[in-house]
Amino acid sequence: MGSAGGQLAARQFYGDVAVRRVVNGLILTETRYQADAAFPWHGHDLAYFSFLIDGAHVEQIARREIDYRPFAASFHPRCEEHAGVVRGGTRMFVLELDARWLDRVPGAGSVPADGLVLHSVASVELAARLYHEFHLADA
């Protein structure tokens, strides 16, 4: 491990930004990654939720590997180091949270340093609903 890719600032990703909106300190972004793209160990200045829209994505976080498939949702704490490989191209929906939002969440400090994969149906439904609302503004 290590920070070969360094620390990415708010709104910065290795993928291409397809759509972005900023609402009350929340940064909502759809990123697209080319097939077989790889990104080095790095962290992000802001904590964020991610929701894989389509494709496949394998991420290395600490000593575990997470194999994301469509509709996988996860939470990444601020500065969490990770690296990854994209399989076949992907679209990812990301919700970045500034410190004001994290301060409002009870128990936010108890999230493991290597993040959380959100397996519940409610988490996936909420992410899908937010993604749908995100794109309504395009219509």
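Partly exposed, as used here, means a relative accessible area between the buried limit of under 20% and the exposed limit of over 50%. Arg32, at 40% relative accessibility, therefore counts as partly exposed. This is a predicted model, and two things in it are worth a look: its nonpolar cores and a set of linked salt bridges.

**Nonpolar cores**
- The largest nonpolar core is made of 14 residues, and Leu28, Phe51, Phe93 and Phe134 have the most contacts inside it.
- At least two residues of this core come from each of β3 (26-33), β5 (47-61), β7 (73-76), β8 (82-97) and α2 (121-136).
- There's also a second, separate core of twelve residues, with Leu52, Tyr68, Ala72 and Met92 among them.
- Leaving aside neighbours within four places in sequence, Phe93 is in contact with a list of residues including Leu28, Glu30, Phe51, Ala127 and Phe134.

**Salt bridges**
- The count comes to five salt bridges.
- Glu30 takes part in two of the pairs described here: one with Arg32 at 3.2 Å, N to O, and one with Arg91, where the closest N and O atoms are 3.3 Å apart.
- The Glu30–Arg91 pair ties strand β3 to strand β8, with the two positions 61 residues apart in numbering.
- Arg91 also pairs with Asp54 (3.3 Å, N to O), linking strand β8 to strand β5 across 37 residues.
- Through shared partners, Glu30, Arg32, Asp54 and Arg91 join into one network.

**Burial across the network**
- Glu30 is buried, at 0% relative accessible area.
- Arg91 is partly exposed at 25%, and Asp54 is partly exposed at 33%.

Notes: Residues numbered from 1 in each chain as written. Predicted model: local features only at pLDDT ≥ 70, side-chain atom pairs only at ≥ 80, totals over all residues. Heavy atoms only, no water. Core = buried A, V, L, I, M, F, W, Y, C linked by side-chain atoms within 4.5 Å. Buried < 20%, exposed > 50% of the residue type's maximum accessible area, 1.4 Å probe, protein only. Helix = DSSP H or I, 4+ residues; strand = E, 2+ residues; numbered from the N terminus. Contact = heavy atoms within 4.5 Å. Salt bridge = Lys/Arg side-chain N within 4 Å of Asp/Glu carboxyl O.
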